[in-house]
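Good morning, colleagues. Please bring the sequence and the coordinates up on the screen, and I shall then take you through a few features of the backbone and of one interface.

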There are 4 protein chains.
Amino acid sequence: MTKSTLKVAIIGGGSSYTPEIIEGFIKRHAELPIKEIWLVDCEEGKEKVEIVGALAQRMVEKAGNLFDVHITLDRKAALKGADFVCTQFRVGLLKARVRDERTALKYDMIGQETNGVGGFAKAMRTIPVILDICKDMEVLCPDAWLINFTNPSGMVTEAVLKYSNIEKVVGLCNVPVLTEKGLEKHLGLAPNEYQLQVAGLNHFIYIRHLWHQGQDRMKEVLNIVADNPDPLRPKNIPPFKWDPDQVRNLGVVPCCYHRYYYLPDQIMLDEIADEKEHGTRGEIVAKMEQELFELYKDPNLNIKPPQLAGRGGEFYSDAACDLISAIHNDKRTIMHVNVRNNGTIKELPEDCAVEVSSVITSNGPVPLNVERFENPAVVGLMRLMKAFEELTVEAAVTGDYGTMLQALTINPMVRKGEITRKVLDELLEINAEYLPQLASNTNNV
Amino acid sequence: MTKSTLKVAIIGGGSSYTPEIIEGFIKRHAELPIKEIWLVDCEEGKEKVEIVGALAQRMVEKAGNLFDVHITLDRKAALKGADFVCTQFRVGLLKARVRDERTALKYDMIGQETNGVGGFAKAMRTIPVILDICKDMEVLCPDAWLINFTNPSGMVTEAVLKYSNIEKVVGLCNVPVLTEKGLEKHLGLAPNEYQLQVAGLNHFIYIRHLWHQGQDRMKEVLNIVADNPDPLRPKNIPPFKWDPDQVRNLGVVPCCYHRYYYLPDQIMLDEIADEKEHGTRGEIVAKMEQELFELYKDPNLNIKPPQLAGRGGEFYSDAACDLISAIHNDKRTIMHVNVRNNGTIKELPEDCAVEVSSVITSNGPVPLNVERFENPAVVGLMRLMKAFEELTVEAAVTGDYGTMLQALTINPMVRKGEITRKVLDELLEINAEYLPQLASNTNNV
Amino acid sequence: MTKSTLKVAIIGGGSSYTPEIIEGFIKRHAELPIKEIWLVDCEEGKEKVEIVGALAQRMVEKAGNLFDVHITLDRKAALKGADFVCTQFRVGLLKARVRDERTALKYDMIGQETNGVGGFAKAMRTIPVILDICKDMEVLCPDAWLINFTNPSGMVTEAVLKYSNIEKVVGLCNVPVLTEKGLEKHLGLAPNEYQLQVAGLNHFIYIRHLWHQGQDRMKEVLNIVADNPDPLRPKNIPPFKWDPDQVRNLGVVPCCYHRYYYLPDQIMLDEIADEKEHGTRGEIVAKMEQELFELYKDPNLNIKPPQLAGRGGEFYSDAACDLISAIHNDKRTIMHVNVRNNGTIKELPEDCAVEVSSVITSNGPVPLNVERFENPAVVGLMRLMKAFEELTVEAAVTGDYGTMLQALTINPMVRKGEITRKVLDELLEINAEYLPQLASNTNNV
Amino acid sequence: MTKSTLKVAIIGGGSSYTPEIIEGFIKRHAELPIKEIWLVDCEEGKEKVEIVGALAQRMVEKAGNLFDVHITLDRKAALKGADFVCTQFRVGLLKARVRDERTALKYDMIGQETNGVGGFAKAMRTIPVILDICKDMEVLCPDAWLINFTNPSGMVTEAVLKYSNIEKVVGLCNVPVLTEKGLEKHLGLAPNEYQLQVAGLNHFIYIRHLWHQGQDRMKEVLNIVADNPDPLRPKNIPPFKWDPDQVRNLGVVPCCYHRYYYLPDQIMLDEIADEKEHGTRGEIVAKMEQELFELYKDPNLNIKPPQLAGRGGEFYSDAACDLISAIHNDKRTIMHVNVRNNGTIKELPEDCAVEVSSVITSNGPVPLNVERFENPAVVGLMRLMKAFEELTVEAAVTGDYGTMLQALTINPMVRKGEITRKVLDELLEINAEYLPQLASNTNNV
């Protein structure tokens, strides 16, 4: 481990989060012998990757030139011989996200980018690109680990598992990390003195156990979550209150994203109000991003600026660095990641992606077994949401119109009937340039 | 079989459908040696059972006094020694249904009596009574078959299977019969020259196969259903049109009640319009019923009046007579009935009730095996709806508030958030006199 | 149905059982409009097919020339345009069976032709031929039903289901028929007044239910079978006695072939004694066959000679005629046949062949759902025997040595260790001319 | 952790292995704050527990009086307030084992004490006692962990899980430890640089993965095991050689106990030869034990004597100390233990005991998810052996004769037919004083 040997490729290197991941690698240099990091982006992201890449280079220089930072638009060069490939790209940039959100609002729907019509559209744009990356990886770095944190992270992981030959893939999300931080604060726990087990889908996990000093404190956590404004939400989600009787009845603890299913009407009202006051979430993020990039341009800046904290994506990059180190060092720590189900969650198909607590070995994550969910309410809704994901992934690959319509029809966040068709048609139109799978589907004449 | 020996008890004997079931028994007298039929009702239904009972007696007299018709309010006397018990009662009569519907409309929800808030309320009212009947049966006629056609028929059957000691129970519905009649008309088929296989939940069945002369004509049926205004609906359901791409993608043929899940917005609009013009469905039925009872009072009437046809419940009673005859005569014909799953539908719990094509033997229905459903859209939604049923049945027995709220929260026909609690509280209030399980639940202080 | 149109091809037409199937078709001529029957055999069976074919022609002539009987060695001509293909061939004739039996005896093993080393060897010889027939059928009669009664019938059916494109296949066995006849005799039942449900593998079925006049008489049957010398065995099986405590504990009724697993030592002793006195079973059958063919040669014989009855294969052909008629006439009667599992037996793989009670429609068999087996003893042994079948089928297709050895190693009728290898090597040697799959397996250098 | 607080009760404290577990606790005193250890035995073991207890006291004294060692015949006193209860007792001592072995040999069967007739008899003797201990624990130390290493460890654990209220139970075995040591030697691996995943039943585990530096070295291990005299066996098992083709075909690596299923004839021959030369295994062990106790009596001995090493039970006690420390310190290391299945092994019942790699938390073991077994040979045999275990556990509780006979009948190590009954009857007779469940079973008149 003395000699630095690892090559890391970061696709979507122009992301405003790049300083966080760079800082993560710097902090872990004693355990992670990184030799070179390649920040790669597409033509559309050229300016951004150059700005943030220069900042990354200054950060590394300040830390003592621990490794090289390459900036490139040549994805193949970045992938060649890589040990880890991190994907944090955003097809169509924030502009596409905003278009999705505005289309959703126009039809009185929620345009959130990981579920509903927004998540659907983002999956349709993203999956062709990730599969393209996988094809390159098969040739250029077949033994590399693909660490994805592009949203919708669960569906993107499932697409790789089902439709590529890359088996070493892990989908990451910061919701488990934020959930842990919320729990620690509420229960007065230090990070390593307890063990959480979560299980579900990306942005749809339930806490199954919180083991602490020989006790399972699940019931206590459930009461806390039921009776207080949810303490387990990230800063970018406004406060909200579960119905205590409904949540207690679940028997397991929902994550903050479950409010899209248990409290959709309130969220819709909040979104409309927010939009009137501040614009859509995508627009707010775009503004924050612009401000960040202004900061990043400062040639004297050589650390991650504190303004980056507080965004929804916080800790994503940190989780990525943790995961990479756990794999490289065979740490056998437990992380909460998206992997192939293989019967871990008995109520879901064997071949789908699930987000579950897993031991990280040198060969990647091994999930902890998950006991059957007892409450039909949990099983029913989780199975439905996985069906939406399965159909969306299939649709994103085949471009089949009926499959797309079906995915939206069964999603509880999508309005039903003729309006489903209308919103779908509009999403296809505004995203046309990013949907090569539609062109190749000969059924859609 | 020469000597008439069978005793049939009809609970809810005061139903306006009673002339249909009486006619059914008269028509089948050669194969069904009925000795006595007991029409039993509660105090609230006294007037109705006396009117329709008198008509029944005139009908039987006209047919040559084939069997005796008893009219009684004494349920125990009716059950004692019965061979078949038919349940077609309606707790709280149509007034309770109308109250549910009006409450639903007040909160912009669909008040349909087999699903959503209406079905939930009806299950809450009905299940305590059916379990009470089962307790009587255990003592008075433990070997009798319980043929239920009180709605929600699937949940009522599941309650009996899970919470009583009566194992000989079959839940009936006329949707499969109406579906067959629709198919026969559309495909030009005679009743006995083809075989249908359906599978799902009550009011939530899919056609899996239509075998005819060595061909499976499913794809053809799917195209017909997708491309035409649905030909498989009963007369009491207004015409509607599926989205052809969505339905074709299912790969299996939905029943007419699936429009509550695939086209809920349109139904809501229709219901509001209908209500403005004619009142709620319950009010329309109440008016029809009143007119029927006026007819029934005519001492010269001694046949089933033609005006009874055309209501939604048509063929229920006929199906009941068919089923009773098939059991009594060990016919081994195939009917579509509600029974314990036992793994027939692999995607649902073993111990729940399902509606599936079954061979009727002298020991009751034996389901045909159902191949796995291929489309995740079908599996996801069906699992969700079964979860609603499981929770509703549990809530109807325990009276637990959290379970009730959970059942409604996950039902796609119910609006979410504070409004769920409000509509639930109002339903409990307007149905208070019919909900003994709430009084006995000590958790609900 | 007035005009005769059906073409039936019988592969292995030279079988001594052919008069039975011909008689079966003659008896059913009112319901089965057969136009032509093709008896086809291979060069090795030329003499036999000519003798028995001539008898068949005389039988048909006597019946009034109901249909044509063709005799041929040209399989393709026989298959072209066939509606039903019956397979009753025996690769290597009885000589091969006798060789297997003698090899088994040499190593102190049971050489029975449907399980153990004998069944294994017969599957290895038969499966390449049946798959070859399927390839022809795909071209010459893709819509025909393949009715197999070549042993081992379950494995042959599984091979077709897994490794050919022929989906319309049913495997037949006479054990269920003989079981029914035994039960009828013991319980004093007429054939149509009760209904049996069986489930398991070919030559490994358990009775799950005997429904009669509203009662399930299983417990009674179980006691009869436990306490008497088994009444459910065919004439060609010598009397034997189950251990009453062991069989009663099963909770379900075993078939006569279960004695190979529950009483193997006694069977081994019987086989050795039998062999000494009369030769092996194959030798006895060969002698009987020779005598039959002497009879068949008699130009005055124009009926099925009574001497044919009493052999083990009795009723096979009758079951085949029943099945063909049930399919042709969409009878929806219940028969016990080998079909794709599809979750009918929950404890076995979805894609394997099982022998289960099924409704016969115009589209073939639809299995009755089978409730979970409660006794682990049944589940454990059945899963093991299916594993033997799965591996044998795979080995018969791939010719892989390790797979062959594995199949034998886990079979409880086969002795373990070096001896397994020895007996396998000898089986491969004596059957070499019938094992094309070994030649094509390049792993076996 | 500074103050010593833990109380450990060791039931069967008079075992010759006690010095190993005492040494284990001494070695770990820095991490395991043990205050008192109670060695408890029954009247029959009084002399042994006094001898070995005195040695234990001398060992602890030499180590600096780290904790108190109590010697008692009063089980309740030992259990009261215990934190960990270790069970290593042997009902009927070695005399009973020898009787089982000699009975087995008399009927030409293998008398091994964890499977076959020997394992069956030992389970029958042991399970009533462990359930009795559990009843005491429910009252005296309901929060204690029960660490069982009495054989047959899997069945004993299953009995506790199914028939007691003690949920905190782990069954231990040294086979996984010995397997790891074998692998380390063969592959030149250090203990912590690789991770093994095993799955199966006690004495019936397969290695599923060996992860090392980012590679799964399973195939390599499989080849080593197939081609060499098994390197994964403990010293007390004589060398043997797998069939390379059969083992390679498994696709997973068997443990040394699989030779009872794959090579039973050779083992039978070895056992007979061994018995002639040295007596049965139980007799050899009894002699070794006697020699050990002579050593233990030496008042100058105050360490674990080296002669204890080399017996089959080696490392059991060490594994127990490791497990206790991992629980107490929430180590989250991975151990291979017997726990409730809960779907970890998909092919086995949810509620049975399995031996699987698990993360050890402060709340006990959490199994790693196990991917489906691909080879039917593995699934079939494992399901059969679990059926034997399920039936034996049930029989040990109910004392039902049919269940006992069934368990033996399906076990491949037991000869079938009348002989099964004979050997069972003799086992019941020679063990009569230890089988209270037979007396209470009123079915066995």
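I shall begin with the contact between two chains and then turn to individual backbone features. Please keep in mind throughout that this is a predicted model.

Let us start with chains A and D. On the side of chain A, 22 residues are in contact with 22 residues of chain D. Which elements of chain A give two or more residues to the side that touches chain D? They are strand E8 (204-212), strand E12 and strand E13 (364-367). In terms of residue class, this side of chain A has 11 polar residues, together with 6 nonpolar and 5 charged ones.

How are the two copies placed with respect to one another? A turn of 180 degrees, with a shift of 0.0 Å along the axis, lays chain A on chain D with an RMSD of 0.0 Å. The two copies are therefore related as by a two-fold rotation axis. The same surface serves both copies, since 100% of the contact residues of chain A recur in chain D.

I now come to the peptide bonds. In chain B, the bond from B:Asn151 to B:Pro152 is cis, with omega near -10 degrees. B:Pro152 is found in the loop that runs between strand E5 (145-148) and helix H6 (153-163) of chain B. In chain D, a cis peptide bond joins D:Asn151 and D:Pro152, and here omega is about -5 degrees. The loop between strand E5 (145-148) and helix H6 (153-163) of chain D holds D:Pro152.

Next, I turn to backbone angles. A:Asn342 is not a glycine, yet its phi is positive, at about 50 degrees. This residue lies in the loop between strand E11 (334-340) and strand E12 (353-361) of chain A. Strand E12 has already appeared in this talk, as one of the elements on the side of chain A that touches chain D.

Is A:Asn342 buried or exposed? Neither term applies: A:Asn342 counts as partly exposed, because 17 C-beta neighbours lie inside 10 Å, whereas a residue is buried at 20 or more and exposed at 12 or fewer.

The other case is in chain C. C:Asp108, likewise not a glycine, has a positive phi of about 60 degrees. Its place is in the loop between helix H4 (93-106) and helix H5 (116-140) of chain C. C:Asp108 has 11 other C-beta atoms within 10 Å and is therefore exposed.

Thank you for your attention.

Conventions
Residues numbered from 1 in each chain as written. Chains lettered and ligands numbered in written order. Predicted model: local features only at pLDDT ≥ 70, side-chain atom pairs only at ≥ 80, totals over all residues. Helix = DSSP H or I, 4+ residues; strand = E, 2+ residues; numbered from the N terminus. Contact = placed C-beta atoms within 7 Å. Nonpolar A, V, L, I, M, F, W, Y, C, P; charged D, E, K, R; others polar. Least-squares fit on C-alpha atoms with pLDDT ≥ 70 in both.
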